[in-house]
Structure formats: structure tokens, C-alpha cells
Protein chains: 2
Amino acid sequence: MANSPSGESLTDRIVRVLETFTAERSMQSAAEIGRRAGLPPSTAHRIVEELVEAGLLERDEDRRIHLGMRLWELALRGSFALRLRQAALPHMEDVQATIRQHTQLAVLENDEALFIERLSHPDAGANITRIAGRLPLHASSSGLLLLAHAAAPVRERVLAGPLRALAPETVTDAVVLRRLLAEIRRTGVVIAPGSIETVSTGVAVGIRDAGVVAAALSVVLPRETDPAAAVRALQDAAARIEADLRG
Amino acid sequence: MANSPSGESLTDRIVRVLETFTAERSMQSAAEIGRRAGLPPSTAHRIVEELVEAGLLERDEDRRIHLGMRLWELALRGSFALRLRQAALPHMEDVQATIRQHTQLAVLENDEALFIERLSHPDAGANITRIAGRLPLHASSSGLLLLAHAAAPVRERVLAGPLRALAPETVTDAVVLRRLLAEIRRTGVVIAPGSIETVSTGVAVGIRDAGVVAAALSVVLPRETDPAAAVRALQDAAARIEADLRG
């Protein structure tokens, strides 16, 4: 319906417009949106107008465009992400209070780890993750956990590469990675020192919903910290989150 | 662009499809979506296909449709709601820990209070609000706070009614309401006993961003509780959230 000469649907073009907005670029002019979305000015203008009209985008007094609260509402109201995050948040707070480091919740989305919640601790160091941000599956502890439990086609696609190194210790050899994933399925735990940053260790466990691993719960520890307490806290929290999801 | 015979844009029809999903109805068949969106089956089918293709909707093995993680990601990545919620959450946790009741964050959206965060306390009673849920501006403490600081056209539209009573004490008289709003602007605080439920009192204060009231921070207290401590905790948290938004 309403396909452009290139065969792209209007839905695709709407997605391209929405994709131009990021945490660093939350306000744009209609011209900037069009340029970044790679759309002809008149097309970009019409789509932006329609989206403003529908409340998915909003325009301020300076005619700068930003994402609308209505989009946020529609995206969250019936979402599994919200249900999962609601069930997880109180238990993530317990982990954060005990371990005093960054605590994250991630799901598998389009062959990457998508972070849907993150609690920071004032005592904790820098952390690359951010809510609605993504990391490669093979590099982050959450990603490895999700990849180990992913459907076979997803796993094979990722193993077929390319496997980019985010740090010197990121596992980028498909044979080593395949062995690591089998080990993660056996133990249910990821302990990934230095895979994103040399100074830290990612620790992740899975959260099951309706029998399948639906999310990864993780903390980022300073490299020198023994991960045993974090593993216990994460496993304990995951069990309680799973019980709440069943409730 | 791509308007239907009724003059409705494809964007509007996409919004109508997304609107059929709610917390109680997060999984639907394509036929149910079409019926609830009031769209002809062939139109509904094409829009659902496009949205699945783009990842905004997802289809499970039983061909049930649910909202996609991609929609969630696009809606949040560049949103003010996320920035506000990120700044507010640690301070909301402090309020919740001190007051031990439900703590909420709301914004004005399309003449209603839209709740973008809610922390529940195990000791607290029932609470009508829910994340991505809405309440009338004239009835909830958050809504009254937002209405008092809303642009004049919004305020006049709401005062022009209808002003529905959610409880026997909901203010539904426009003259009384106008006086109440002036008082709220003067004090900066809403204390609304029984406006939603006879057994509880809503207490709300404003959070300013770039000089204007952008959100309401509120707690729901049992009716018999003195609101003074809650007012202090909310004002204190709001000041810290405003400082974090500026940072």
C-alpha cells in the first residue's frame, strides 16, 4: 500500500523518520529529519506533518520536532517490555542495593542485545549500556546469555560473523564462541571479563517466561571483584522475577 | 499521502491499529485488530503485514500479534519521557522509601494526565494509576497540578467540561475548579482528598524543565495520613530532579 517507486512502504519510511531520533539528537528540524532519513524533502515534509498530526511527533514553538508522548504511550501500553520491566524493577533494585554496581535488563532484538532497563549506582564506574541502547550479542555478557539461548537460525547467523572486537578480549573466533555458548547453556551463567572493557567483568543470568529465556539480567563489576556474590544475587533475583511473571 | 476515501491518512490508520493493544489485550489476531480498529479486513491485513515487516508488530508461532520491541526502542530512544524518567527515578525511589506509598510521575498529554513512571510500595493500598495509563486532569492530584500550569487553551477546554466525577468528592464545578487551580499555582502543591477514591488523598508537586512545569510528581496517601511529610519529600525530590535535568 502506498509504496514508493523503490517499493518501500510508507511504514518503512515512517520507521526511517523515527530512526533519526536518538538520545543525542532528540530535537531536529524537518529538513534535518529528511536528510538523515534519506528522503526527498517533500516526502519527508508530508510524513513529518502526518506524524505531528497523529501526535507521534511533536513540534515546539521554534518548529523543532521531537518524539511525541503519544508514541511513547502507544509503544508501552500493551508491551511485553513494560510487563517484564515492571516485574523486574523491584528485584533489580535489590541486586543494585546488594552489589552496588550497574544492573541491567536486556532482550534479544534483531540479532542484538536491546537494553530495556538500567539502574546505575553512584559508586559504580562507567557503563556503555543505556536504556533503549544496543550491544552486539557476542560481546556483552547479556548478549552472550541471550545468544546461547537464541533460536538456532539467530545463533548461526551471528556465528557466521562478522564478529567485531569491542575490546582486546572480545571473543571473535566462531569455534571458541560456539564452545562458550554451550558452556553458558550448561551453567546458566555468563562471566565475561574484559569483553567490552578491559577494566570490567559482565555477569549475566537468564530470565524465563513461559519456559523460554526471554531476557538477560546482568551487572557490570570492576575486573578485580570476585563475581560469586553477583552470580548469587542475580540468580536469586531472576527466580523472583520469573515467579512474578507467572503470577 | 495515501489517504483513504474518508480522507484519513495511513499514519492515522497505523495509530488506530496500535491503539487496539492495551495491558489487558497485548496479544491479538489480525482479524481482532481489524475489527477493533474499525478497518476493513483487507486494509487491516495489509497494515498489520507492513508493521510486522518493519518490526513494529511481532507475530508468534500461533500467529498472534503483539507490539514489537522495535516500536518500544524507537519510541524511547530519543524521548523526553525517557530523559525525564531517568532523571526522576532515583529521587522517586527516595520518596517511596520515605513515604512508603505509591509514587508516580505524570505529564500532560492530549488533555489528560499520562503516567510515565510508577513505583508501588508493598505496604500501600490499591492504586488506580498504571504506567502508560491516563487519568482526567480535573480528578487526579497529578492532573490538577498539570492543569493549573497548562497553557490557557488547554485549561479553558477542560473547564468547559464535561467534568466527570470519579468519586463523590471529585470537583466537577468549573467555578470551584478555577479557584482551586489558582490556589495550586499560588502554593505549588495539590492536596486532593477523595478526588479519585474516598479512602485516599493524592498529593502532587510540579517538576520544571526549562522554566515550565513539565511533569507532576505525586504520592497516594491513606486518607487519615497527615500529608505534611509527603509534601516535603515531594518538594525535595522535585528540586533534585530539576537539578539533574539541568545537568
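The mean pLDDT of chain A in this predicted model is 91, and 96% of the residues of chain A reach 70 or more. For the complex as a whole, the predictor gives an ipTM of 0.83 and a pTM of 0.83. Where pLDDT is low, the predicted coordinates should not be read in detail.

**Relation of the two chains**

A turn of 180 degrees, with a shift of 0.0 Å along the axis, lays chain B on chain A with an RMSD of 0.0 Å. The two copies are thus related as by a two-fold rotation axis. The contact between them involves 54 residues of chain B and 53 residues of chain A, and about 4800 Å² of area is buried between the two chains, with carbon and sulfur atoms giving 65% of that area. Because 98% of the interface residues of chain B are also interface residues in chain A, the copies meet through the same surface.

**Salt bridges across the interface**

Over all chains the count of salt bridges comes to 34, and across the interface of chain B and chain A the rule finds 6. Among the pairs that link the chains are the two in the table, each listed with the distance between its closest N and O atoms.

| Acidic residue | Basic residue | Closest N and O atoms |
|---|---|---|
| A:Glu19 | B:Arg70 | 2.2 Å |
| B:Glu19 | A:Arg70 | 2.2 Å |

In the pair formed by A:Glu19 and B:Arg70, with its closest N and O atoms 2.2 Å apart, A:Glu19 lies in helix α1 (residues 10-19) of chain A and B:Arg70 in helix α4 (residues 69-77) of chain B, so the pair joins two chains.

**Helix α5 and the residue after it**

Helix α5 of chain A covers residues 80-99, and at 1.5 Å a residue its 20 residues should span 28 Å; the end C-alpha atoms are 27 Å apart, which agrees with that expectation. Within this helix there is nevertheless a bend of about 40 degrees at A:Leu89, and a proline, A:Pro90, follows within four residues.

The helix α5 of chain A is followed by A:Arg100, whose phi is positive, near 60 degrees. In chain B, B:Arg100 has a positive phi of about 60 degrees although it is not a glycine, and B:Arg100 is found in the loop between α5 (80-99) and β3 (103-109) of that chain. Most residues other than glycine have a negative phi, and most peptide bonds are trans.

**Cis peptide bonds**

Which form does the peptide bond from A:Gly161 to A:Pro162 take, cis or trans? This bond is cis, with omega near 0 degrees, and A:Pro162 is found in the loop between α7 (152-159) and α8 (174-187) of chain A. In chain B, a cis peptide bond joins B:Gly161 and B:Pro162, with omega about 0 degrees, and B:Pro162 lies in the loop between α7 (152-159) and α8 (174-187) of chain B.

Key:
Residues are numbered from 1 along each chain as its sequence is written. Chains are lettered from A and ligands numbered from 1 in the order in which they are written. This is a predicted model: local features need pLDDT of at least 70, side-chain atom pairs count only at pLDDT 80 or more; totals for chains, interfaces and linings use all residues. Side-chain values use heavy atoms; hydrogens and water are left out. The expected span of a helix is 1.5 Å times one less than its number of residues. The bend at a residue is the angle between axes fitted to the seven residues ending there and the seven starting there. Copies are superposed by least squares on the C-alpha atoms of residues with pLDDT of at least 70 in both. Contact means heavy atoms within 4.5 Å. pLDDT is the predictor's confidence in each residue, from 0 to 100. Buried area is the accessible area (1.4 Å probe) that two parts lose on being put together, summed over both. A salt bridge is a side-chain nitrogen of Lys or Arg within 4 Å of a carboxyl oxygen of Asp or Glu.
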